Amino acid sequence: MRLNRSNLCIKLFVKRKSLDDARRSCSQTSARLVVLDTEEKNTDVGEYIKGTKDTATYLIGLTDVKEEGRFVWENGKDVVFSNWYNSQPDDNTGKNCVVFFPTTYQWYNYPCTDQKYICEKRF
Ligand SMILES: [Ca+2]
């Protein structure tokens with residue numbers, strides 16, 4: 001789906017994958033896990049998913065794998081805009097990934113186990 005305001009194409013993948021496999025899957029089409037680093041993008045992606053009536057959570061391109069407690073986007077940037085759910089991230093070494101909740105557009109700290117995921121590509 002093309003999100004004109006954000007200059008992005010995004011695609012939802014419903015076959016669950018681990019973080020590494022999801023990254024590989026996105027990169028196969030020169031895409032990457034979605035970077036929701038502005039409120040605009042976060043809202044645009046949320047509205048799109050909501051419009052599909054999908055209520056599943058989706059892995060986004062934000063992790064603290066490299067340094068516990070320091071969340072970094074797939075483009076290497078630190079978090080400036082954030083939309084964590086209450087008391088998130090409830091951070092620990094077992095939770096290094098982040099999922100997006102389409103009903104509220106909020107983020108939950110989550111293990112990097114098999115998840116549905118969102119790839120993005122700029123145009
Ligand atoms: Ca963590």
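Start by selecting C9. Leaving aside neighbours within four places in sequence, C9 is in contact with M1, R2, E120, K121 and F123. Keep in mind that this is a predicted model.

**Stop 1: C9 and its strand**

C9 is found in strand β2. Is C9 buried, partly exposed or exposed? Count its surroundings: C9 has 15 C-beta neighbours inside 10 Å, so C9 counts as partly exposed. Now select K77 as well. C9 and K77 are 68 residues apart in sequence. In space, their C-alpha atoms are 20 Å apart.

**Stop 2: the whole protein**

Zoom out and show the cartoon. You should find two helices and nine strands. From the N terminus on, the order is β-β-α-β-α-β-β-β-β-β-β. Along the principal axes, the C-alpha atoms fill a box of roughly 35 × 30 × 25 Å.

How does the radius of gyration of the protein fit a compact globule? A compact globule of 123 residues would have a value near 14 Å, and the protein has 13 Å, which agrees. Buried residues make up 30% of the 123 residues. Next, consider contacts with a separation of 6 or more. Of these, 68% join residues 24 or more positions apart.

**Stop 3: strand β9 and its partners**

Select β9, residues 115-122. Which way does β2 run against β9? The two pair in the antiparallel sense, over seven bridges. Pick I10 to see one pair: the bridge partner of I10 in β9 is E120.

Now add β3, residues 32-33. β3 and β9 also pair in the antiparallel sense, over two bridges. Here R32 stands opposite E120 in β9. E120 has already come up as the partner of I10.

Then add β4, residues 58-59. β4 and β9 pair in the parallel sense, over two bridges. Select Y58 and look across to β9: its bridge partner there is K116.

**Stop 4: the nonpolar core**

Show side chains next. The largest nonpolar core has 24 residues. Those with the most contacts inside the core are L33, V34, L59, I60 and I118. Color these elements: β2 (8-17), α1 (19-27), α2 (39-51), β4 (58-59), β7 (97-101) and β9 (115-122). Each supplies at least two residues of this core. Which element gives the largest share? That is β7, with four residues.

Center the view on L59. Apart from neighbours within four places in sequence, L59 is in contact with L19, A22, L33, C97, V99, Q115, K116 and Y117. L33 and L59 were both on the list of residues with the most contacts inside the core.

**Stop 5: the β7-β8 hairpin**

Select β7 and β8. The two strands pair in the antiparallel sense, over five bridges. Together they form a hairpin with four residues between them. Look into the turn for Y105, which has a positive phi of about 65°. For one pair across the hairpin, pick F100: its bridge partner in β8 is W107.

Stay on β8, residues 106-110. Which of its residues lie on the covered face? They are W107 and N109. Q106, Y108 and Y110 are on the uncovered face.

**Stop 6: D64 in its loop**

Go to D64, in the loop between β5 (62-63) and β6 (72-73). Is D64 buried or exposed? D64 counts as buried because it has 20 C-beta neighbours inside 10 Å. Not counting residues up to four places away in sequence, D64 touches G69, R70, F71, D91 and N96. Select N96 as well. D64 and N96 are 32 residues apart in sequence, yet their C-alpha atoms are 5.0 Å apart in space.

**Stop 7: backbone details**

Move to the loop between β6 and β7, where P89 has its place. The peptide bond from Q88 to P89 is cis, with omega near -5°. S87 is in the loop between β6 and β7 too. Phi of S87 is near 65°, a positive value in a residue other than glycine. S87 counts as exposed because it has 7 C-beta neighbours inside 10 Å.

Finish at K53, in the loop between α2 and β4. Phi of K53 is near 70°, a positive value in a residue other than glycine. K53 has 7 C-beta neighbours inside 10 Å, so K53 counts as exposed.

Terms used
Residues are numbered from 1 along each chain as its sequence is written. This is a predicted model: local features need pLDDT of at least 70, side-chain atom pairs count only at pLDDT 80 or more; totals for chains, interfaces and linings use all residues. The radius of gyration is taken over C-alpha atoms; the globule rule is 2.2 Å times the number of residues to the power 0.38. A residue is buried if 20 or more other C-beta atoms lie within 10 Å of its own, exposed if 12 or fewer, and partly exposed in between; C-beta atoms are placed from the backbone. Two residues are in contact if their C-beta atoms, placed from the backbone, lie within 7 Å. A nonpolar core is a set of buried Ala, Val, Leu, Ile, Met, Phe, Trp, Tyr and Cys residues joined through C-beta atoms within 7 Å. Two strands pair if DSSP finds at least two bridges between them.
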